[in-house]
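Visitor: I would like to learn how to read a model of this kind, going from single residues to the whole chain. Could we begin with one residue and its surroundings?

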Amino acid sequence: MSVDQVDPGRLPWRLVIALLAVVLGATALVMGLRGGDRSPRLPSDAVTQGGIAVYGAYVREPATDTAAAYFTIRNIGDTADTVVAVSSPVAKSAMLHDVGKKPMSDEGPMDSGSMVPSPTVVLEPGDVVTLQPGSGHLMLDGVTGTIVPGSTVNLKLVLEHAGTITVKAPVVGLTERAPST
C-alpha cells in the first residue's frame with residue numbers, strides 16, 4: 001500500500017494532525033479567555049504606577065490653614081510596597097494619619113479624633129487602603145496656596161518600589177458631598 005492510499009478503516013494521518021491542531025488551538029483559545037486579563041477594574045481616575053493604583057482622591061476645603069485629603073491606594077501588583085512619604089506643593093508639610101482605623105458607624109464607639117501619625121503604610125499584594133472621614137486622611141498642614149472648591153491639588157505619594165505617584169485631587173466645599181468613584 002502506498003502512502004497516498006487510504007485504508008478504509010483508518011483516517012489519513014494528515015487529517016489526524018489537522019484535527020489535533022484544531023483541538024489544541026480551541027483549547028488554547030478557551031484557556032486564554034478564561035485566564036485573560038486578571039487585573040482588577042479600576043475607576044477612570046486611577047493613577048497607576050509600578051503595581052500601585054491611587055484613585056478617588058479629593059481634598060476637603062480647609063476652614064483654617066490645615067486641610068484633609070482622602071483617596072484609595074490599591075496594590076495591584078505581585079509584591080509588597082510601602083508608602084514612605086507624602087507631600088503636596090500647597091502645604092508646608094503633609095502626613096498620613098489614622099491609616100487602618102475603622103470608619104465610624106452608628107453602632108460603634110465615637111471617633112476619638114486621635115490623629116495618630118502613620119509614617120509608613122505597607123501594602124501587601126491585593127491590599128486596598130481607603131482614607132475617608134473617620135478612617136484616615138492625608139493631613140496638609142500650613143496650606144500656602146488658595147484651596148477653593150472647583151480647583152485641584154496635587155498630592156504626591158512616594159512608594160519604596162513604585163516611586164513617586166502624583167494624583168490630582170479636586171477640592172470640594174465644606175458642606176459638599178465627597179465625589180464618588
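Guide: Leaving aside residues up to four places away in sequence, asparagine 75 touches Gly51, Ile52, Ala80, Asp81, Leu123, Glu124, Pro125, Gly126 and Asp127. Please keep in mind throughout that this is a predicted model.

Visitor: Where is asparagine 75 placed, and is asparagine 75 buried or exposed?

Guide: Its place is in strand β3, and because its relative accessible area is 2%, under the 20% cut-off, asparagine 75 counts as buried. A polar atom of the asparagine 75 side chain lies 2.8 Å from the backbone nitrogen of glycine 77.

Visitor: How should I read the nonpolar part of the interior, and which residues have the most contacts inside the largest nonpolar core?

Guide: The general idea is that in soluble globular proteins nonpolar side chains tend to be buried together. In this model the largest nonpolar core has 30 residues, and those with the most contacts inside it are Val59, Phe71, Leu140 and Leu155. At least two residues of this core come from each of β2 (52–60), β3 (66–75), β4 (81–87), β5 (91–97), β6 (121–123), β8 (137–143), β9 (152–159) and β10 (163–172).

Visitor: What does phenylalanine 71 touch?

Guide: Not counting residues up to four places away in sequence, phenylalanine 71 touches Val54, Tyr55, Gly56, Ala57, Leu96, Val129, Thr130, Leu131, Leu138, Leu155 and Leu157. One of these, glycine 56, has its place in strand β2 and, at 16% relative accessibility, counts as buried. The C-alpha atom of glycine 56 is separated by 6.8 Å from that of aspartate 45, eleven residues apart along the chain.

Visitor: How do I read the pairing of strands, for instance around β10?

Guide: A general point helps when inspecting strands: in a regular strand the side chains alternate between the two faces of the sheet. Here β2 and β10 run parallel and are joined by two bridges, with valine 59 standing opposite valine 171 in β10. The pairing of β9 with β10, by contrast, is antiparallel and extends over eight bridges; within β10, threonine 164 is the bridge partner of valine 158. Three residues lie between β9 and β10, which form a hairpin.

Visitor: How many aromatic pairs does the structure hold, and how is such a pair classified?

Guide: The idea is to look at the distance between ring centres together with the angle between ring planes. The structure holds one aromatic pair. The rings of tyrosine 58 and tyrosine 70 have their centres 5.2 Å apart and their planes at 35°, so this pair is tilted. Since tyrosine 58 lies in strand β2 and tyrosine 70 in strand β3, the pair ties together parts that are twelve residues apart in sequence. Both partners are buried, tyrosine 58 with a relative accessible area of 6% and tyrosine 70 with one of 10%.

Visitor: How many helices and strands are there in the protein, and what do the totals for the chain say?

Guide: The protein has one helix and ten strands, and from the N terminus on its elements run α-β-β-β-β-β-β-β-β-β-β. Of its 181 residues, 30% count as buried, while the accessible surface comes to about 11,300 Å², with 56% of that belonging to carbon and sulfur atoms. Among contacts between residues at least 6 apart in sequence, 65% join residues at least 24 apart.

Conventions
Residues numbered from 1 in each chain as written. Predicted model: local features only at pLDDT ≥ 70, side-chain atom pairs only at ≥ 80, totals over all residues. Heavy atoms only, no water. Core = buried A, V, L, I, M, F, W, Y, C linked by side-chain atoms within 4.5 Å. Buried < 20%, exposed > 50% of the residue type's maximum accessible area, 1.4 Å probe, protein only. Helix = DSSP H or I, 4+ residues; strand = E, 2+ residues; numbered from the N terminus. Contact = heavy atoms within 4.5 Å. Pairing = 2+ DSSP bridges. Polar contact = N/O pair within 3.5 Å; in protein donor to acceptor, adjacent residues only side chain to side chain. Areas by Shrake-Rupley, 256 points an atom, 1.4 Å probe, with all protein chains shown as cover. Phe/Tyr/Trp six-rings, centres within 6.5 Å; stacked < 30°, edge-to-face > 60°.
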